[in-house]
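Visitor: I should like a close look at a single part of this protein, followed outward to whatever surrounds it. Please give the cut-off behind each term as you use it.

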Amino acid sequence: MKPSRVTALFAVALLLSACGAQVEAGPAAPAQATVTNCGAQVTFPAPQRPVAYDVSGAEKLFALGLAGRTRGYVMNSIADPSIAGSPWKDDYAKVERLGTTRITREVLVDAKADWVIAGWNSGFSEERGITPKLLEQVGIHSYLHTETCWEYPAARSDVTPLEALYIDLLNLGDIFGVRQRADELVAELKGRFDKVRAGAPKTPPVKVFVYDSETAQPFTSGKHAAPNDIIAAAGGVNIFRDLEDGWGNVGWEGVVKAEPEVIIVVDYADQPAQDKIAFLKSAPQLKDTPAVRDNRFHIVSYGDLVSGPRNAAGAESLAAYLRSIGR
C-alpha cells in the first residue's frame, strides 16, 4: 500500500501490517453495530469468531488489521498464488485455513463461527444450502459483499464495484469497531485511484478484454465486477462493460467483433497464465484481433481483480502496462 491522503503514521502501520508485523486491532468492537447491507438495515452483534471466504473476504479483514480477531478463512486452492503474492501473506499464515474448496455450512458449524463474509453466488448459494437465512438458524450472522448484491434476491444494491468496495470496508469498520482505520484505508485507496485516473491520457479508451478461463465460451468480467472499474480508471474500457453479470460466459464472436487492443489474463493456480496466452494465440478466430496480432497480453493476479483492497494495485499495474505501450 502507498498512502497518498493519510498521515505518515498510518502509512507505517499499514506497511507493518502488510509485512506480517503484529498490529493492534484497535479498541474492542461495540456490543453491536447496524449497517446497510444489500439495501437492508442489519444489526450485527460484535463478531467473536468471524470466518472469511476467498481473497475478497480475507483481505478486507486483514487490511483493517483484523487477522488476530479472525477465526479462519476458506479459500479454493486455485487462489494459492494470490496468497503467495499478497501484501497480507503473513496474516494468511497466522490465521487458520478451514478449507481449500468452497465454503459450506458444515465448515462454519465445525469452526463454531458466529459471523461470515462471502458473496452471493460466490460463497452463499441456494443450491448448495448455504444462505444467510439458513445460517441464521444455526446462530451464524452473514455479511454479503456489496459487489454481489445486484443479484441477491432478498435485496438490491445498485452501486459500482469500486463504490461497493468502499462501502464494505466502512461497514466492516463499524462492525468490528475499527472505523478510523477503515476511513483511512478508504481515503488511501481513493487517492491511489485518483492518481491512476489523473495519469490516463485524454484519448479514446483502450478496448480491453478480461480473459479468466475456458475455451468454448470464455469466462470474463461484466459490469458488476471489479475489473470493470479497474480498467476504466487505468484509461481503458471493458469490452463487456454492458454484460449484466459479475463474471460470466460470453461467445468468442463478441470478443472478435469488439476488437480488443489488450487482453488481461487472470492468473491463478489451475491453469498457468502462459498456457492461457498460448491458447489465445492459437485460436484461429482471434488471430486478427489487435491484442493477439500485437502480442498485448497483461497478466494480473486473481487477488487484484476480485473485490478487495488490492484493486488499487490492479489499476496501477494495468495503467503502467497501458502507458508502456503508448496508450
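Guide: Aspartate 168 touches Lys60, Tyr143, Leu144, His145 and Thr146, with residues up to four places away in sequence not counted; contact means heavy atoms within 4.5 Å. The model is a predicted one, in which local features need pLDDT of at least 70 and side-chain atom pairs count only at pLDDT 80 or more, while totals for chains, interfaces and linings use all residues. Residues are numbered from 1 along each chain as its sequence is written, and side-chain values use heavy atoms, with hydrogens and water left out.

Aspartate 168 belongs to helix H7 (residues 161-175). Helices (H or I, at least four residues) and strands (E, at least two) are DSSP runs, numbered from the N terminus. With a relative accessible area of 0%, aspartate 168 is buried; that word means under 20% relative accessible area, exposed means over 50%, and partly exposed covers values in between, with a 1.4 Å probe and protein chains only.

Serine 142 is placed in strand E8 (residues 141-144). Its relative accessible area is 11%, and serine 142 therefore counts as buried. Apart from neighbours within four places in sequence, the contacts of serine 142 are Asn37, Phe44, Val116, Phe124, Pro132 and Leu135.

Next comes a pair of packed helices. Helix H8 (residues 179-199) and helix H14 (residues 311-324) pack at an angle of about 15 degrees, and their axes are 9 Å apart. Axes are lines fitted to C-alpha atoms, for helices over the stretch in contact, and angles run from 0 to 180 degrees between N-to-C directions. H8 is therefore roughly parallel to H14; angles under 35 degrees earn that description, those over 145 are roughly antiparallel, 65 to 115 roughly perpendicular, and the rest oblique. H8 contributes Leu189, Arg192, Phe193, Val196 and Gly199 to the contact, and H14 contributes Asn311, Ala312, Ala313, Ala315, Glu316, Ala319 and Arg323. Glycine 191 also has its place in H8, and is buried, at a relative accessible area of 5%. Glycine 191 and alanine 312 are 121 residues apart in sequence, yet 9.4 Å apart in space from C-alpha to C-alpha.

H14 leads on to a sheet. This open sheet has four strands in the order E11-E9-E13-E14, with parallel pairing; two strands pair if DSSP finds at least two bridges between them. E11 and strand E14 (297-301) stand at the edges with a single partner strand each, so one side of each has no neighbour in the sheet. On average, neighbouring strands are turned by 35 degrees against each other, direction ignored.

Strand E9 (residues 206-211) has five of its six residues buried. Three bridges join E9 to the parallel strand E11 (residues 236-238), and four bridges pair E9 with strand E13 (residues 262-267), also in the parallel sense. Valine 208 stands opposite asparagine 238 in E11 and opposite valine 262 in E13. Phenylalanine 209 is placed opposite isoleucine 263 in E13. Helix H11 (residues 273-282) packs on the sheet, where H11 touches E9, E13 and E14, and its direction makes about 145 degrees with that of E13. H14 packs on the sheet too, touching E9, E11, E13 and E14, with a direction at about 165 degrees to that of E14.
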